[in-house]
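Please look at the sequence and the model together before reading on. The text below takes the reader through a few parts of the chain in turn.

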Amino acid sequence: MKKVLNLAMVFALTAFFVACSNNDNEPTTGNLTINLDGLEELGTDFVYEGWLIVNGAPVSTGTFTSVTFPQTFSVGFNDLEAATKFVLSIEPKNDTDPAPSKTKILAGDFSGNTATVNSNIVGDFSNSWGKFILATPTDGMNNNERSGVWFLTPGTPPTAGLGLPELEDGWKYEGWAVINGKPVTTGKFTKLSATDEFGGFSGVNALPAPNGPDGFFPGEDFLTNAPDGQTFPTDLRGATIVISVEPSPDDSPAPFALKPLAKKVATDAVDHSPIDLGAGPKASITGSVKR
């Protein structure tokens with residue numbers, strides 16, 4: 001009887017150790033490799049953060065600032081296997097909120113072990129269009145008319161000069177004039193037929209009376225308070241006019257990577273006449289994520 005008990009104990013211990021050995025050999029983490037094209041560095045106070053969507057909930061894959069790819073991250077194996085989607089957001093550097101911010105820049109669903117990601121979560125700019133005029137409505141006279149840019153279609157009354165998709169929370173549009181190689185803001189905006197958020201370079205005269213419930217139109221006169229390296233009034237012929245899509249809160253005073261519309265102003269451009277914006281240097285950011 002004693003021998004039988006000993007044999008039973010041996011078998012039990014053997015099974016226990018085999019089970020422990022199998023559990024110990026199971027992986028607890030796996031690799032997630034991110035390879036993106038067109039992403040640019042953020043300002044010093046912000047970072048990119050990846051997220052797996054697992055059973056409808058976000059799971060962080062870690063933060064990064066370098067935009068040299070590919071990059072590989074160690075992620076919990078079970079989360080990696082169960083993830084259905086990958087999302088990339090922009091976060092404050094010293095973020096205390098464990099959830100993703102509203103500023104999501106890339107997303108894509110997994111098909112097998114790969115997710116093809118793009119920036120359509122910000123907006124689809126493939127059908128975007130724009131017009132602007134050169135004019136200075138805030139100087140109160142017909143001087144320096146080529147020292148201001150306004151995103152409108154002239155008429156009686158004028159109408160919107162931009163055809164752009166409505167942005168989700170976490171993003172805003174911003175106009176720019178690249179003067180002598182340096183970008184100068186015309187202001188941020190979310191509505192296409194409303195006064196933008198900036199008027200720091202304009203003259204003292206009020207803008208024309210509102211033409212609709214939202215006010216005037218985005219744009220700026222470059223007449224006063226010229227930034228370093230610029231002289232106002234200026235002549236925007238030869239400058240490049242750009243519409244960018246900016247994180248909100250903004251990560252940097254420079255234009256962000258997404259620039260769906262742009263146009264170099266002709267040297268013989270006429271003020272108060274509509275000028276068409278063309279496709280910008282970058283309307284989308286793309287890439288892949290592999291597990």
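What follows covers strands first, then aromatic rings, then two single residues.

The model shown here is a predicted one. A good place to begin is the open sheet, which is made of eight strands. In what order do the strands of this sheet stand? The order is S3-S2-S5-S6-S7-S19-S1-S4, and the pairing is antiparallel. Strand S3 (57–64) and strand S4 (71–76) are the edge strands, each of which pairs on one side only. On average, neighbouring strands of this sheet are turned by 25 degrees against each other, with direction ignored.

Strand S1 comprises residues 29–37. In the sheet order, S1 stands between S19 and S4. With S4, S1 runs antiparallel, and six bridges join the two. One residue pair between these strands is asparagine 31 in S1 with its bridge partner serine 74 in S4. Towards S19, S1 pairs over five bridges, again in the antiparallel sense. Here threonine 33 stands opposite lysine 290 of S19.

In a regular strand, side chains alternate between the two faces of the sheet. The faces of S1 can be listed separately. Gly30, Leu32, Ile34 and Leu36 make up the covered face. The uncovered face has Thr29, Asn31, Thr33, Asn35 and Asp37. Asparagine 31, the bridge partner of serine 74, is thus found on the uncovered face, and threonine 33, opposite lysine 290, is found there too.

S19 can be followed to its other neighbour in the order, S7. Strand S7 (residues 114–118) and strand S19 (residues 286–290) run antiparallel and are joined by five bridges. Alanine 115 stands opposite valine 289 of S19.

Strand pairing is also found for S18. Strand S8 (residues 129–134) is joined to strand S18 (residues 275–282) by three bridges, and the two run antiparallel. Lysine 131 has aspartate 276 in S18 as its bridge partner. Strand S17 (residues 259–264) also pairs with S18 in the antiparallel sense, over three bridges. For leucine 261, the bridge partner in S18 is alanine 279.

The next topic is the aromatic rings. A pair of aromatic rings is described by the distance of the centres and the angle of the planes. How many aromatic pairs does the structure hold? There are 13 aromatic pairs. One of them joins phenylalanine 64 and phenylalanine 73, with 5.9 Å from centre to centre and 45 degrees between the planes, a tilted arrangement. Phenylalanine 64 counts as buried because its relative accessibility is 6%, and phenylalanine 73 counts as buried at 12%; the cut-off for buried is under 20%. Another pair, phenylalanine 201 with phenylalanine 232, is edge-to-face, with centres 5.4 Å apart and 75 degrees between the planes. Phenylalanine 201 lies in the loop between strand S14 (182–189) and S15, and phenylalanine 232 lies in the loop between S15 and S16, so this pair ties together parts that are 31 residues apart in sequence. Phenylalanine 201 and phenylalanine 232 are both buried. Ring pairs also link Tyr48, Phe64, Phe69 and Phe73 into a cluster.

The loop between strand S15 (219–221) and strand S16 (240–247) also holds glutamine 230. Is glutamine 230 buried or exposed? Glutamine 230 counts as buried because its relative accessibility is 9%. Apart from neighbours within four places in sequence, glutamine 230 is in contact with Ile179, Asn180, Lys182 and Val184. A polar atom of the glutamine 230 side chain lies 3.1 Å from the backbone oxygen of isoleucine 179.

The last residue to consider is arginine 291, in the segment after S19. Arginine 291 counts as partly exposed because its relative accessibility is 24%. Arginine 291 lies over the face of phenylalanine 110, at 4.2 Å from the ring centre. Its side chain also has a polar atom 2.9 Å from the backbone oxygen of leucine 80, and a polar atom 2.8 Å from the backbone oxygen of alanine 83. Not counting residues up to four places away in sequence, the residues that arginine 291 touches include Asn31 and Leu32, which belong to S1. Serine 202 is 89 residues away along the chain, and the C-alpha atoms of serine 202 and arginine 291 are separated by 52 Å.

How values were computed: Residues numbered from 1 in each chain as written. Predicted model: local features only at pLDDT ≥ 70, side-chain atom pairs only at ≥ 80, totals over all residues. Heavy atoms only, no water. Helix = DSSP H or I, 4+ residues; strand = E, 2+ residues; numbered from the N terminus. Buried < 20%, exposed > 50% of the residue type's maximum accessible area, 1.4 Å probe, protein only. Polar contact = N/O pair within 3.5 Å; in protein donor to acceptor, adjacent residues only side chain to side chain. Contact = heavy atoms within 4.5 Å. Pairing = 2+ DSSP bridges. Axes fitted to C-alpha atoms, helices over the stretch in contact; angles between N-to-C directions. Phe/Tyr/Trp six-rings, centres within 6.5 Å; stacked < 30°, edge-to-face > 60°. Lys NZ or Arg CZ within 6 Å of the ring centre and 35° of its normal.
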